[in-house]
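Me: Please take a close look at one part of this model. Start from a single residue and its setting, then work outward to the rest of the chain.

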Amino acid sequence: MVGFTCDTCGKEIQTIDGILSWTREDHRLGNFKLTHKESLGTGCQPANNRYRELYTLTLPTGFMEFILYLLERWEDGFTLTDPKSLRNVMRQLNLHIHEKLLLMVEE
């Protein structure tokens with residue numbers, strides 16, 4: 001299964017130990033980061049004001065809920081301050097979901 005890489009330290013993140021965080025301010029979204037949780041004491045998690053647990057995003061329903069969240073924010077006129085950070089996060093999530101769905105189909 002495709003693993004996740006911490007955007008802060010570059011080390012592997014176990015699904016249960018990861019978090020996706022971002023900022024939401026003045027109709028702007030930005031600083032999307034996949035990192036180790038602060039509770040692990042790694043110092044990796046930024047001081048963003050929004051987050052989702054990584055393990056929930058690795059489920060098809062959690063992934064789709066996050067996509068819906070983004071679509072609803074854009075519908076409300078939000079903009080991205082750092083599109084590259086969201087692209088990097090989505091690349092990791094997409095690879096994981098894709099591989100997970102392939103494994104389900106093969107069974």
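Reply: H27 is partly exposed, with a relative accessible area of 44%. That value falls between the 20% and 50% cut-offs, so H27 counts as neither buried nor exposed. The model is predicted. H27 sits in the loop between β3 and β4. Its backbone stands out: phi is positive, about 60 degrees, and H27 is not a glycine.

D26 belongs to the loop between β3 and β4 as well. Here the relative accessible area is 66%, over the 50% limit, so D26 is exposed. D26 also has a distant partner in sequence to compare with. T79 is 53 residues away along the chain, yet the two C-alpha atoms are separated by 9.4 Å.

Now move on to strand β4. N31 has its place there. N31 has a positive phi too, about 55 degrees, and again the residue is not a glycine. Its relative accessibility is 26%, above the 20% limit for burial, so N31 is partly exposed.

What does L29 touch beyond its sequence neighbours? Leaving out residues within four places, its contacts include W22, T23 and R24. Another group holds Y69, L70 and R73. The rest of the list runs F78, T79, L80, T81 and D82. T79 thus appears twice in this account: as a contact of L29, and as the residue whose C-alpha is 9.4 Å from that of D26.

L29 also takes part in the largest nonpolar core. That core has 21 residues, and L29 is one of those that touch the most other members. The others in that group are L20, W22, F32, F66, L70 and L93. Two of them, W22 and L70, are also on the contact list of L29. Which elements give two or more residues to this core? They are β3 (18-25), β4 (28-36), α1 (54-57), α2 (60-75) and α3 (83-106). The largest share, five residues, comes from α3.

Strand β2 (residues 12-13) offers a second view, through I13. I13 has a relative accessible area of 2%, under the 20% limit, so this residue is buried. Beyond four places in sequence, I13 touches F4, T5 and C6. Its other contacts are G18, L34, T35, H36 and L54. G3 is ten residues from I13 along the chain, and their C-alpha atoms are separated by 7.1 Å.

Step back to the whole chain. It has three helices and six strands. From the N terminus the order is β-β-β-β-β-α-α-β-α. The radius of gyration is 14 Å, close to the 13 Å that the globule rule gives for 107 residues, so the chain is as compact as a globular protein of that length. The C-alpha atoms fill a box of roughly 45 × 35 × 20 Å along the principal axes.

Long-range pairs matter in the contact count. Of contacts with a separation of 6 or more, 64% join residues 24 or more positions apart. Buried residues make up 33% of the chain. The accessible surface is about 6,400 Å², and carbon and sulfur atoms account for 53% of that area. Charges come last. The chain carries 12 positive and 15 negative ones, and their mean positions are 5 Å apart.

Terms used
Residues are numbered from 1 along each chain as its sequence is written. This is a predicted model: local features need pLDDT of at least 70, side-chain atom pairs count only at pLDDT 80 or more; totals for chains, interfaces and linings use all residues. Side-chain values use heavy atoms; hydrogens and water are left out. A nonpolar core is a set of buried Ala, Val, Leu, Ile, Met, Phe, Trp, Tyr and Cys residues joined through side-chain atoms within 4.5 Å. Buried means under 20% relative accessible area, exposed over 50%, partly exposed in between (1.4 Å probe, protein chains only). Helices (H or I, at least four residues) and strands (E, at least two) are DSSP runs, numbered from the N terminus. Contact means heavy atoms within 4.5 Å. The radius of gyration is taken over C-alpha atoms; the globule rule is 2.2 Å times the number of residues to the power 0.38. Accessible areas come from the Shrake-Rupley method with a 1.4 Å probe; for residues, only the protein chains shown count as cover. Lys and Arg count as positive and Asp and Glu as negative; His and the chain ends are not counted. The place of a charge is taken as NZ of Lys, CZ of Arg, CG of Asp or CD of Glu.
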